[in-house]
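Trainee: Could you take me through the salt bridges of this protein with some care, and set them against the fold that surrounds them? I would like one connected account.

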Amino acid sequence: MQWLALYCPQLLSAPNPSPSELAAHTQSLQALAIWAGRFTPNVCVEGDCGLLLEVSNSLKLFGGLTALLRILRGDLEAMGYHTQLAGAPTARAAWWLALANQRRFLNDVQHLRNAIFPLPLEILSCDAKTHILLRNLGLRSIGDLLKLPREGIARRCGQPFLNAIDQALALQPEAHAYFQPPPYFDLRLELPAEIHSAEALLFAFKRLFVQLGGFLSARMAAVQILEIDLEHREPPATSLRIGLVEPSRDIDHLMHLLRERLNRVQLPQPVRALRLSAHEIRQWGGKPTSFLHDEIAQAQELPALIEQLRARLGPEKVQGLALVAEHRPEKSGVACDLGVRSMAVKFGDRPFWLLEQPQRLQEHESGPWHAQRPLKLVAGPERIRCGWWDGNIVWRDYFVAQTEDLALLWVYREPGRAWYLHGHFA
């Protein structure tokens with residue numbers, strides 16, 4: 001097995017924390033554990049200031065230990081954490097190496113004794129009375145301690161103390177309680193100082209989005225809707241909602257959408273805290289990929305383009321179009337949210353573009369004219385006679401008409417009345 005230890009002195013609790021400080025500390029440690037799920041499902045919270053990650057099955061996925069550590073350090077730096085990293089075949093040995101800031105990454109049990117014996121006794125988890133006893137005996141390292149008879153160590157320090165050393169040396173098995181991520185993502189971040197510019201919030205949001213990426217990776221999921229709250233000195237908070245056309249776990253894309261939204265936000269007050277929530281979680285099965293820039297690649301690009309337009313222009317400015325079961329052309333298409341499937345309605349050959357108001361045409365010898373030129377009727381008629389149920393009755397005969405330059409128009413005539421232009425074919 002291969003364990004990585006992350007010791008974060010920033011997370012050490014104050015001697016007598018207040019309830020709010022304790023809650024903030026617990027949330028910070030939980031957020032770090034959620035993020036670590038990006039690398040392995042086997043994450044253990046160690047005390048109140050670190051994590052243990054079992055990464056044996058993740059090394060090949062990330063391209064080896066060196067590549068994995070590079071990603072780890074990059075994420076930790078983006079979140080503002082300064083950690084001491086170490087690795088070993090046992091979790092306890094990795095943790096002790098991290099506490100001693102050894103920055104060593106062992107992959108062989110045979111090297112444990114040489115790595116563990118020089119470590120100072122201060123890294124061992126024991127009470128102050130035991131530490132004083134060991135110092136009074138003139139002991140300075142774990143190697144010094146293990147030179148004493150085991151029976152005497154167990155009698156003076158307790159058997160659990162000796163068992164911990166055996167576990168670090170892989171002489172006894174270790175029991176681990178793995179962290180279970182919550183069913184949804186909801187994190188709040190207190191800012192060290194008030195921020196007056198919406199664009200300046202992106203740097204702080206980077207930390208939350210890195211943690212969101214770890215959460216989605218751990219759950220093999222993607223997000224459909226992001227809820228964002230910008231908390232001010234006085235309520236209410238400024239709330240933003242980013243809806244996606246299809247679920248995504250691309251953190252760079254989500255950050256780009258947030259940047260577009262923040263560019264349109266006018267802050268009523270400075271921001272003191274951020275909150276990022278994702279309750280619409282979907283299982284992620286990946287996307288089909290292609291070596292060629294074909295229909296699959298284009299299908300993958302379309303949702304991203306739509307989401308960027310909605311983030312920049314506003315959701316109400318970018319909508320879809322759906323068909324409804326209505327024969328009257330002006331009522332057969334309605335605006336809808338993107339992603340809504342239209343009904344499979346087919347009424348004949350109709351153009352995609354309709355005029356907002358039908359345009360009356362000239363008539364010569366009972367035939368329609370357009371732009372001072374006669375039109376040739378090439379298809380039709382399609383009779384539409386309906387609307388009695390809502391009082392807006394129509395009675396029209398539709399034709400496909402051709403101009404002299406071969407353009408196709410959609411025209412109709414009401415019985416005994418004038419001709420009208422209603423649409424253009426592509």
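Mentor: Among contacts between residues at least 6 apart in sequence, 60% join residues at least 24 apart in the protein chain, and some of the salt bridges can be read against that background. The model is a predicted one, with a pLDDT that averages 84 over the protein chain and reaches at least 70 in 88% of the residues. Over residues 288–293 the pLDDT is below 50, and this stretch has 8 contacts in the model beyond near neighbours in sequence; over residues 340–345 the pLDDT is also below 50, again with 8 contacts of that kind.

The secondary structure comes to 11 helices and 18 strands, and 42% of the 426 residues count as buried. The largest nonpolar core has 98 residues, and those with the most contacts inside it are Trp 35, Trp 96, Phe 205, Phe 209 and Leu 212. Helix H9, residues 201–219, gives the most to this core, with 10 residues. Phe 209, leaving out residues up to four places away in sequence, touches Leu 226, Ile 251, Leu 254, Met 255, Leu 258 and Leu 276.

Now to the charged pairs themselves. Side chains of opposite charge can pair when their charged atoms come close. A search of the whole structure finds 13 salt bridges, one of which joins the side chains of Asp 75 and Arg 38, with 2.5 Å from N to O. Asp 75 lies in helix H2 (residues 65–79), whereas Arg 38 lies in the loop between helix H1 (19–36) and strand S2 (43–46), so this pair ties together parts that are 37 residues apart in sequence. Asp 75 counts as buried because its relative accessibility is 11%, while Arg 38, at 30%, counts as partly exposed.

A second bridge, between the side chains of Arg 275 and Asp 186 at 3.0 Å from N to O, links distant parts of the chain, with Arg 275 in strand S8 (residues 271–283) and Asp 186 in strand S5 (residues 185–195), 89 residues apart. Here Arg 275 is partly exposed, at 28% relative accessibility, and Asp 186 is partly exposed too, with a relative accessible area of 26%.

Arg 417 and Glu 414 form another salt bridge, in which the closest N and O atoms are 3.0 Å apart. Arg 417 counts as exposed because its relative accessibility is 51%, which passes the cut-off of over 50%, whereas Glu 414, at 18%, counts as buried. Elsewhere, Arg 188, Glu 190 and Glu 231 are joined into one network by salt bridges that share partners.

Two further places help to complete the picture. Leu 375, in the loop between strands S14 (373–374) and S15, counts as buried at 11% relative accessibility, and its C-alpha atom is separated by 5.9 Å from that of Ala 401, 26 residues apart along the chain. Beyond its neighbours within four places in sequence, Leu 375 is in contact with residues including Leu 361, Trp 369, Ala 401 and Val 411. On the surface, by contrast, Trp 388, Trp 389 and Ile 393 make a nonpolar patch of about 440 Å²; Trp 388 is found in the loop between strand S15 (376–386) and strand S16 (394–402), and counts as exposed at 66% relative accessibility.

Terms used: Residues numbered from 1 in each chain as written. Predicted model: local features only at pLDDT ≥ 70, side-chain atom pairs only at ≥ 80, totals over all residues. Heavy atoms only, no water. pLDDT = per-residue confidence, 0-100. Contact = heavy atoms within 4.5 Å. Core = buried A, V, L, I, M, F, W, Y, C linked by side-chain atoms within 4.5 Å. Buried < 20%, exposed > 50% of the residue type's maximum accessible area, 1.4 Å probe, protein only. Helix = DSSP H or I, 4+ residues; strand = E, 2+ residues; numbered from the N terminus. Patch = residues over 30% accessible without salt bridge, like charges linked within 9 Å, V, L, I, M, F, W, Y side chains within 5 Å. Areas by Shrake-Rupley, 256 points an atom, 1.4 Å probe, with all protein chains shown as cover. Salt bridge = Lys/Arg side-chain N within 4 Å of Asp/Glu carboxyl O.
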